[in-house]
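User: Please take a close look at one part of this model, and then place that part within the whole chain. I am a first-year student, and I would be grateful for each step of the reasoning to be set out.

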Amino acid sequence: PIVVSWLPYNAWAFYPFFFIKRGLGKSSVEAIIETLNHERIHVVQQRDIHLTFSLPLMVFFVIVEIKGWFNPLPFILIIPFIPTVLYGVDLICCYFSRLVHHEKLSFNDVRKDTCFEQEAITMAGTSDYLFRRPMWSVLKYL
């Protein structure tokens, strides 16, 4: 984890790192461990996405460059953000699901409904979860 002075949340994951707000150390030990586990789960979720989507795309872009079909540079620049794009798609789906049911539409409530947050929230208290977590376990929370 990387400790930073300001974040909108207590912690934030961006593969392969996660950032922790400086004041988090004043919380209880259990809360800190749960937050760290929560962010580790997000890092592993993002790793799954990169292994499934980003790695094959990189291989494709190398082939494209070798063959001279087109310049892949603009497309290569989006690869680090593929997990963010998928998270955003899930967030939009959750938003419209709540909108259809005329439910409260606060951003944090909608964010907590995403499959990525559901897995991380549900399993944050289980310290050995990442040792036995199968790849793409997040799909159980769709």
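Analyst: A polar contact is a pair of N or O atoms within 3.5 Å, where one atom must be able to donate a hydrogen and the other to accept it. The model considered here is predicted. The part chosen for the close look is arginine 133, which is placed in the segment after helix 6, the helix that covers residues 129-132.

Is arginine 133 buried or exposed? A residue counts as buried when its relative accessible area is under 20%. Arginine 133 has a relative accessible area of 10%, and therefore it is buried. Its side chain makes a polar contact with the side chain of aspartate 48, at 2.7 Å. That distance falls within the 3.5 Å limit stated at the start.

Which residues surround arginine 133, once those up to four places away in sequence are set aside? Arginine 133 touches Val44, Gln45, Asp48, Glu119 and Val138. Asp48 thus appears both in this list of touching residues and as the polar partner.

One of these neighbours, Glu119, leads to helix 5. Within helix 5, the residues Cys115, Phe116, Glu117, Glu119, Ala120 and Met123 are buried. An α-helix has 3.6 residues a turn, so residues three or four places apart point the same way. The cover over the buried residues of helix 5 includes helix 1, helix 3 (82-100), helix 4 (107-112) and helix 6.

The loop between helix 5 (115-123) and helix 6 holds glycine 125. Glycine 125 counts as exposed because its relative accessibility is 63%, above the cut-off of 50%. Its C-alpha atom is separated by 22 Å from that of tyrosine 87, a residue 38 places away along the chain.

The segment after helix 6, where arginine 133 is placed, also contains tryptophan 136. Tryptophan 136 has a phi near 60°, which is a positive value in a residue other than glycine.

The wider setting can now be described. The chain has six helices and three strands. Read from the N terminus, the elements follow the order β-β-β-α-α-α-α-α-α. The C-alpha trace spans about 55 × 40 × 35 Å along its principal axes. The chain has 142 residues, of which 32% count as buried, arginine 133 being one of the buried residues. Among contacts between residues at least 6 apart in sequence, 51% join residues at least 24 apart.

The chain carries 13 positive and 12 negative side chains, and the centres of these two sets lie 4 Å apart. The exposed area of the chain is about 9200 Å², with carbon and sulfur atoms supplying 68% of it.

Aromatic rings form a further theme. A pair of aromatic rings is described by the distance of the centres and the angle of the planes. The whole structure contains nine aromatic pairs. One of them, formed by phenylalanine 61 and phenylalanine 75, is stacked, with 6.1 Å from centre to centre and 20° between the planes. This pair links distant parts of the chain, since phenylalanine 61 belongs to helix 1 (residues 29-67) and phenylalanine 75, 14 residues apart from it, belongs to helix 2 (residues 73-76). Phenylalanine 61 counts as buried at 7% relative accessibility, whereas phenylalanine 75 counts as partly exposed at 41%.

Phenylalanine 75 also pairs with phenylalanine 70: the ring centres are 5.7 Å apart and the planes stand at 85°, so this pair is edge-to-face. Phenylalanine 70 is partly exposed, with a relative accessible area of 36%.

Beyond its neighbours within four places in sequence, phenylalanine 61 is in contact with Pro72, Phe75, Ile76 and Ile79. Its C-alpha atom is 33 Å from that of glutamine 118, and these two residues are 57 apart in sequence.

A cluster of linked ring pairs joins Trp12, Phe14, Phe19 and Phe81. The loop between strand 2 (11-14) and strand 3 (17-21) contains proline 16. Proline 16 is joined to tyrosine 15 by a cis peptide bond, with omega about 5°.

To return to the chosen part, arginine 133 is a buried residue whose side chain makes a polar contact with that of aspartate 48.

Conventions. Residues are numbered from 1 along each chain as its sequence is written. This is a predicted model: local features need pLDDT of at least 70, side-chain atom pairs count only at pLDDT 80 or more; totals for chains, interfaces and linings use all residues. Side-chain values use heavy atoms; hydrogens and water are left out. Helices (H or I, at least four residues) and strands (E, at least two) are DSSP runs, numbered from the N terminus. Buried means under 20% relative accessible area, exposed over 50%, partly exposed in between (1.4 Å probe, protein chains only). Contact means heavy atoms within 4.5 Å. Accessible areas come from the Shrake-Rupley method with a 1.4 Å probe; for residues, only the protein chains shown count as cover. Lys and Arg count as positive and Asp and Glu as negative; His and the chain ends are not counted. The place of a charge is taken as NZ of Lys, CZ of Arg, CG of Asp or CD of Glu. Rings of Phe, Tyr and Trp (its six-membered ring) pair if their centres lie within 6.5 Å; planes under 30 degrees apart count as stacked, over 60 as edge-to-face and the rest as tilted.
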